[in-house]
Amino acid sequence: MGIRVWLEPQICKAGVDVMKVKFVDPARVYKMIKDELDDAYFEVMSKGDLIDRGQLKSFEENLAKFVGTKYAVGLNSGYDALHMSLRALGIGSGDEVIVPAHTFVATCSAVVNVGATPVLVDVTKDFNIDCERMEKAITKRTKAIIPVHLSGWMADMPRVMEIAKKYKLKVVEDACQSLGSSINGKGAGSWGDTGCWSFYPFKILGGYGDGGAITTNDADIALFARRMRYNGEDRDTGEYNGHGFTCLLDNLQAAFLDVKLRHLPAWIIKRKKLAEFYRQALSDIPDLLLPHYDRPGFDHVYQNYTLRSRQGDDFSEYLKKNGVEVLTQFRKPYYRHNALGLEDKGFPETEALSREVCSLPMNVEITDDEAQYVIDTVRKFYGK
Ligand SMILES: Cc1ncc(COP(=O)(O)O)c(C=O)c1O
């Protein structure tokens, strides 16, 4: 598993060999598919095709096909995808939108920035929104739900859609962390009114800069996003159809993403193998809760391998000190950042997991030896 690229072991102060294992390594991925990326680069540069050209169209078509929707519209970021979705659905002042308490802040900020009120709901043990609590949070002002599919594992979309239908709510899927995952074969980002995607470099499909998209089966939403990403302009007629934004996906990024999307099915298989490697090596440690969930029909693509360690910061700091780059998103939940002006209504599951989360390196560029080093370091922390 993995390309065999040895990193020079470094000697730490205590005189013990320390290998550096990166969380992700975009430069190494570049080397893996250099010819294809270089071809894409030279094609764009030699023609000066920088804004809204064939590469963007091609990537949008391929993304829609991959997700299983009629349309995909390339935008500048995952945040833009969320923001644009809410605007397309006419959500604004006076409306409430349900969001998980445990997510990246952008999910909530998009709601605030369209003038609506975010209503936070706790998550369950799988890090995704608790549907029973979600139903209880619905009021007369609720207009939409934003389920987030965290780390490559989808929220319970059959239940979300059932609730949305019952209360006539819109559904915006924040699928920024779950490209390629599915439930009963139906892809993330194809269930709700829109699916929102981020191509930030750390994502399962990461660009070489920022990027995002929405996917949808609704022609009006696609048209709205296409116009509004370009300051409201209809590119065929030159007519401004509203006050819009400058947020379309850069053509060069689209060219790179189109190349990488071709590799994604094989790369997802690799991620699953690495997850299984971690599971087999670490499941005997009682203080670790590994991200393997037993739900028939749910397909985990492991954008992140986020485990819970009872030892919280002691565990994550030990890994960092020993050269293993890990993420601890999010030690401080976003609703506890005072400047955001959100109310902490008490979210016990979010609070508990926030103290314990730790994402191990999970990518396709890791070598066998590095993956083994990650395992050895974790085991060493637990005296194994
Ligand atoms: C769950 C989630 N939502 C939204 C976003 C926002 O995406 P971006 O950083 O591309 O704006 C991200 C990524 O950072 C994310 O992980």
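Biologist: Is Met45 buried, exposed or partly exposed?
Modeller: In this predicted model, Met45 counts as partly exposed because its relative accessibility is 41%, and its place is in helix α2, which covers residues 34-47.

Biologist: Which residues make a nonpolar surface patch with Met45?
Modeller: The patch is made by Tyr41, Phe42, Met45, Leu50 and Ile51, and its area is about 480 Å².

Biologist: Switching to the ligand, how many residues surround it, and which are the closest?
Modeller: The ligand is surrounded by 15 residues, of which the closest are Gly78, Asp174, Gln177, Ser198 and Lys203.

Biologist: What is the distance from a ligand oxygen to Gly78, and what is it for Gln177 and Lys203?
Modeller: For Gly78, a polar backbone atom is 2.8 Å from an oxygen atom of the ligand. With Gln177 the partner is an N or O atom in the side chain, 2.9 Å from a ligand oxygen, and for Lys203 a side-chain N or O atom is 3.1 Å from an oxygen atom of the ligand.

Biologist: And how much of the ligand does the protein bury?
Modeller: The protein buries 91% of the 390 Å² that the ligand exposes when taken alone.

Biologist: Salt bridges next: how many are there in the whole structure?
Modeller: A search of the whole structure finds 31 salt bridges. One of them joins Arg28 to Glu370, with the closest N and O atoms 2.9 Å apart.

Biologist: Where do Arg28 and Glu370 lie, and are they buried or exposed?
Modeller: Arg28 lies in helix α1 (residues 26-32) and Glu370 in helix α12 (residues 368-381), so their pairing ties together parts that are 342 residues apart in sequence. Both residues are buried.

Biologist: What about Glu349, which residue does its side chain meet in a salt bridge?
Modeller: The side chain of Glu349 meets that of Lys125, at 3.0 Å from N to O. Because Glu349 lies in helix α11 (residues 348-356) and Lys125 in the loop between β5 (117-121) and α6 (131-136), this pair ties together parts that are 224 residues apart in sequence. Glu349 is buried, with a relative accessible area of 14%, whereas Lys125 is exposed, with 53%.

Biologist: Back to the stretch after α2, which residue pairs with Asp49?
Modeller: Asp49 forms a salt bridge with Arg53, the closest N and O atoms being 3.4 Å apart. Asp49 counts as buried at 12% relative accessibility, while Arg53 is partly exposed at 41%.

Biologist: Which residues are linked in a network of salt bridges?
Modeller: That network links Asp52, Glu60, Arg226, Arg229 and Arg235.

Definitions and conventions:
Residues numbered from 1 in each chain as written. Predicted model: local features only at pLDDT ≥ 70, side-chain atom pairs only at ≥ 80, totals over all residues. Heavy atoms only, no water. Patch = residues over 30% accessible without salt bridge, like charges linked within 9 Å, V, L, I, M, F, W, Y side chains within 5 Å. Areas by Shrake-Rupley, 256 points an atom, 1.4 Å probe, with all protein chains shown as cover. Salt bridge = Lys/Arg side-chain N within 4 Å of Asp/Glu carboxyl O. Helix = DSSP H or I, 4+ residues; strand = E, 2+ residues; numbered from the N terminus. Buried < 20%, exposed > 50% of the residue type's maximum accessible area, 1.4 Å probe, protein only. Near = heavy atom within 4 Å. Polar contact = N/O pair within 3.5 Å; in protein donor to acceptor, adjacent residues only side chain to side chain.
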